[in-house]
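Open the model in your viewer and keep the whole chain in sight before selecting anything smaller. The stops below run from the overall fold to a single side chain.

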Amino acid sequence: MTPVSDKPTVEIWTDGACKGNPGIGGWGALLRSGEHRKELFGGEKATTNNRMELTAVVEALRALKGPSDVTLHVDSQYVMNGMKSWIAGWKRNGWQTAAKKPVKNADLWKALDAEVAEHDVHWVWVKGHAGDPGNERADQLANDGVDSVR
């Protein structure tokens, strides 16, 4: 029999938005654990969509009160590929790409790597704007983040 984890189980949906790329951006996150629900958003005046996608995940994980079992739903191929395929090589190469160029958004990738190390994270890719209720809410929160800095 597999032991049951004593860590809280949390489901998170994140999204980023950018009006212009670069331009005004926002990020949003919906966190659910049992009956508890938390919504987060923020924005920046000059940013990119990829930075907002990463910021959403970093801020969602930072909001957790301790180590958790996390199911993280993202609609960003950039975030998924980065965490599943690219980050190990970047770290091995001193945060350089295979082409020996600095990794874009390395500050956020390093922050994300540190946050993920605190939790057991199961990554789930969801198609954006396809009716997933958590993703739709994260998208609205990301747009609220854009509006918060206009």
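Begin with the whole chain coloured by burial: of its 150 residues, 45% are buried, where buried means under 20% relative accessible area with a 1.4 Å probe, protein chains only. This is a predicted model, in which local features need pLDDT of at least 70 and side-chain atom pairs count only at pLDDT 80 or more, while totals for chains, interfaces and linings use all residues. Residues are numbered from 1 along each chain as its sequence is written, and side-chain values use heavy atoms, with hydrogens and water left out.

Switch next to a cartoon, where four helices and five strands appear, counted as DSSP runs (H or I of at least four residues for helices, E of at least two for strands) numbered from the N terminus. Followed along the sequence, their order is β-β-β-α-β-α-α-β-α.

Now select the largest nonpolar core, a set of 32 residues in which I12, L61, W109, L112 and W123 touch the most other members; such a core consists of buried Ala, Val, Leu, Ile, Met, Phe, Trp, Tyr and Cys residues joined through side-chain atoms within 4.5 Å. At least two core residues come from each of β1 (9-20), β2 (23-33), α1 (49-62), β4 (69-74), α2 (77-92) and α3 (106-116), with α1 giving the most, seven residues.

Finally, centre on I12 and ask which residues it is in contact with, leaving aside neighbours within four places in sequence. With contact taken as heavy atoms within 4.5 Å, the partners of I12 are L30, L31, A60, L61, L64, V70, T71, L72 and H73.

Conventions. Buried < 20%, exposed > 50% of the residue type's maximum accessible area, 1.4 Å probe, protein only.
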